[in-house]
Amino acid sequence: MLELLTFISNSIFVALLTIVIHKVYVFLKWRKSADSIPGPPASLLTGNILDIGRAGGLAPYLQYLHKTYGPVVKYWSTPNELHVTINEPNILEQLDIMTTERPFNFIEFLRGFFGDKGLIYLYDEPAKARRLTWHKTFAKRPYEKIIPRFIEIINKRGTDWLSKRNGEKSAKINVQAEARSLWNKLNEYNVFGDASTSDNLSVKFEETIELLLQIRFSFAPVLPYTEIWRKRKELLDYVRHEVQRLIKEQLDRRGEFLANGNDFLSLLLNDEELTEESFFDEVLTLLFVVTDNFMGVANLLHQLAEHKDVQERVRKEVQNVWGDKFPTTVDDLSCLTYTRAVVKEVLRFCGTSNITLRKLQREYFIQNKYHIPKDALIMVPLSIIHRNPNHWNEPDKFNPDRFLEESRERSRMAFVPFGFGARSCLGQRYAMNTLTLIAGLMVKRFDIESITRYDDVVWKESIFSIHASDGIWLNFIPRMVE
Ligand code: HEM
C-alpha cells in the first residue's frame, strides 16, 4: 500500500515538474523572440490571466492594452501562450491574415461537448472541404424559402409583446431577453424546420457554454460529485440527448420530409459525404455559432429607438420598397440599401462579436519594429478595430451613412463583424438578411422609443460579446390600432 502511495505521489510530482519545466522553457524561448513587442509585465506562473480578471474581462483588458501600448501589444494568456493583439487593419493584412487558421485550442474547453467531427474542430484541408459542404447546403436552400415562416415568427413575437400592454398605449419590452428567444426560435427553425421542436434547447445550450467558460477561467479542477460537476453533467446530458432525439426524429422521417425539407438538418442528412456522427457534431456546431449573436437583434432595435431620424428613414425606405405587402424574395431585402447600412453600422458600433484568434504559420518582421514569432497567437479585437480612428471618421458616432459613402477607401480588415478569410462566418448572408427583415417588419408595425439610454448602459462580458447588465428596455407603440 505504502509503495503504491509513494509511486502515485512520485508520478504526480514528476508530471507537475515536467509541466513547469515545459512552461518555463516555452516562456523563456518566446519571451526572447517577442522582446520587440511592447506589453505589460507578466507573471511566470499565471501570465497575464489575473490582469484580465482584474480589468473586468478580455474586452476591457484589450482596450486598456491598446490605449497604453499602441497598435501591436503582447500579453500572456497563460505563461507559455504568447498572444499578440493587433488593432491596426493594415498591419493585420501584412501578416497574410486572410489565409491563417484559428488556433487548435481556441475552443478546446468545448471539446467533448461538441465531439471533434464538426467544422469548428477541423483545420486546413478538412475544414475547407467541410465549409464547401455547408456552402452547398445553404445554396440548396435559398433564403427566400424561409422568409414566409420567419415573417410569421417575427410578427407573432410582436403580437405577444402587445398582449402585455395591460390597457396601455405601448408595450414596455426588455429587447435583450426578447431578442435572445426570438433569435433562438428563428435559428431552431433554420436547423430543424417545423418537423421537430425543443422548448429549451437553445437556452440550455447557452447555459452549458457559459458554465464551461466559467470552469475554464476558474482554473480549479472540477471534483466529482460537487455541485458544479453535477450541474455540468446535467446540462451536457440534456443538450446531447435533445440533439440526438431531434436528429433521430428526422432520420425516422427520412423520405417523408427530406424531399421538400428546407431546414439545414434535412439538407445535411441528404449529403452523402457526411456520416451520422458528423450530423450530430454539425448540428451542435450550428447551435454553437449562433449563440450570443442574438445581441445583433437587441442592438439593432436599441439603435433604431435611440435615433428616431434613422428609424424614420428606414420606415420610409421599407414603405417605398414593400408598400403594404410583406417581402417574398431576397431582392426585397437586398434593395433596402439604407436599412442594410443601418444593420452594418449596428454591427460596427455595438460589437456583437468581440474577438477572434489566429495562428501564424511563420515569423514576421513588421515595420522594422516588431518581430512576431511563428506560432504566436494573433488576437484580432474586432470591436476595437471597428472604432479605430485611423479608419473611421468620428468612430464613436452612430452614423449609418458612412456605409453609403466611405466603403471604397476602407481597408478590408477595418470592418470584420463576421471575421475574415479562411475561417470567416458562414452565416453572414443569413444574418444580414434576417437582421434586415427584423428591422423592416418592426419599424413597419411599431414606433420604437428608447427607455434604456445607450450611454447609461452598464455592459458585462458574456460568452463572446457584451450584454447590458440590466437589460435593454424599449417602448413599442403600434402604428395602427391593434
Ligand atoms: C449577427 C450574427 C452573426 C455574427 C456577428 C457572426 C460572427 C461570426 C464570427 C466573428 C465568426 C468567427 C470568424 C473568424 O474567426 O474569422 C463566426 C464564425 C462562424 N459563423 Fe457566424 N456570426 C453570426 C451569425 C451566424 C449564423 C446565423 C450562422 C449560421 C447559420 C453562422 C455560422 C458561422 C459558422 C459556421 C462559423 C465558423 C466558420 C468556420 O469555423 O470555418 N454565424 N461568426
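**Figure 1. A look along helix α9 in this predicted model.** In α9, the buried residues are W229, L235, L236, V239, E242, V243, L246, I247, Q250 and L251. An α-helix has 3.6 residues a turn, so residues three or four places apart point the same way. The helix itself has 26 residues, and from first C-alpha to last it reaches 37 Å, close to the 38 Å expected at 1.5 Å a residue. R232 also has its place in α9, which covers residues 227-252. With a relative accessibility of 26%, R232 counts as partly exposed, as the cut-offs for that class are 20% and 50%. For a sense of the local fold, try R232 and V222: they sit ten residues apart in sequence, and their C-alpha atoms are 9.5 Å apart in space.

**Figure 2. Helix α7, from its start to the glycine that follows.** Does α7 count as largely enclosed or largely open? Of its 18 residues, 14 are buried, so the rest of the structure largely encloses the helix. The length works out too: α7 runs over residues 175-192 and should span 26 Å at 1.5 Å a residue, which agrees with the 25 Å between its end C-alpha atoms. At the start of the helix, a side-chain oxygen of N174 comes to within 3.1 Å of the backbone nitrogen of Q176. After α7 comes G193, with a positive phi near 70°.

**Figure 3. The iron atom of the ligand and its protein donor, C425.** Which protein atom serves as a donor to the iron? The SG atom of C425 is the only one, at 2.3 Å. This cysteine lies in a loop, with α17 (402-405) on one side and α18 (428-445) on the other. C425 has a relative accessibility of 32%, so it counts as partly exposed. UniProt, in an unreviewed entry, lists C425 under "binding site".

**Figure 4. Side chains around the ligand.** There are 25 residues around the ligand, and the ones that come nearest are R102, R131, T356, R358 and C425. Two of the polar approaches go to oxygen atoms of the ligand: a polar side-chain atom of R131 is 2.5 Å from one, and a polar side-chain atom of T356 is 2.6 Å from one. N293 takes care of a nitrogen contact, with an N or O atom of its side chain 3.4 Å from a nitrogen atom of the ligand.

**Figure 5. Strand β2 and its partners, β1 and β7.** How many of the six residues of β2 (residues 81-86) are buried? Six of the six are, so the strand is largely enclosed by the rest of the structure. E81, H83 and T85 point one way from β2, while L82, V84 and I86 point the other way, and all are buried. Strand β1 (residues 72-78) runs antiparallel to β2, and six bridges join the two. T78 has E81 of β2 as its bridge partner. With strand β7 (residues 377-380) the sense is parallel, over three bridges. Here V84 has I378 of β7 as its bridge partner.

**Figure 6. Strand β8, with a covered and an uncovered face.** β8 takes in residues 446-450. F446, I448 and S450 make up the covered face, whereas D447 and E449 make up the uncovered one. β8 pairs with strand β11 (residues 473-478) in the antiparallel sense, over five bridges. D447 stands opposite I477 of β11.

**Figure 7. Two loop residues with positive phi, N368 and E394.** Most residues other than glycine have a negative phi. N368 is not a glycine, yet its phi is positive at about 50°. Its loop lies between β5 (364-366) and β6 (370-372). N368 has a relative accessible area of 83%, so it counts as exposed. E394 is not a glycine either, and its phi is positive at about 40°. E394 is in the loop between α16 (382-385) and α17. Is E394 buried or exposed? With a relative accessible area of 54%, E394 is exposed, as that class takes values over 50%.

Note on methods: Residues are numbered from 1 along each chain as its sequence is written. This is a predicted model: local features need pLDDT of at least 70, side-chain atom pairs count only at pLDDT 80 or more; totals for chains, interfaces and linings use all residues. Side-chain values use heavy atoms; hydrogens and water are left out. Helices (H or I, at least four residues) and strands (E, at least two) are DSSP runs, numbered from the N terminus. The expected span of a helix is 1.5 Å times one less than its number of residues. Buried means under 20% relative accessible area, exposed over 50%, partly exposed in between (1.4 Å probe, protein chains only). A polar contact is a pair of N or O atoms within 3.5 Å; within protein, one must be able to donate a hydrogen and the other to accept it, and residues adjacent in sequence count only if both atoms are side-chain atoms. Donors are N, O and S atoms within 2.8 Å of the metal (3.2 Å for Na, K and Ca); water is not among the atoms, so sites may look incomplete. UniProt positions are given in the numbering used here, feature names are shortened, and annotations may be inferred rather than shown by experiment. Two strands pair if DSSP finds at least two bridges between them. A residue is near a molecule or strand if one of its heavy atoms lies within 4 Å of it.
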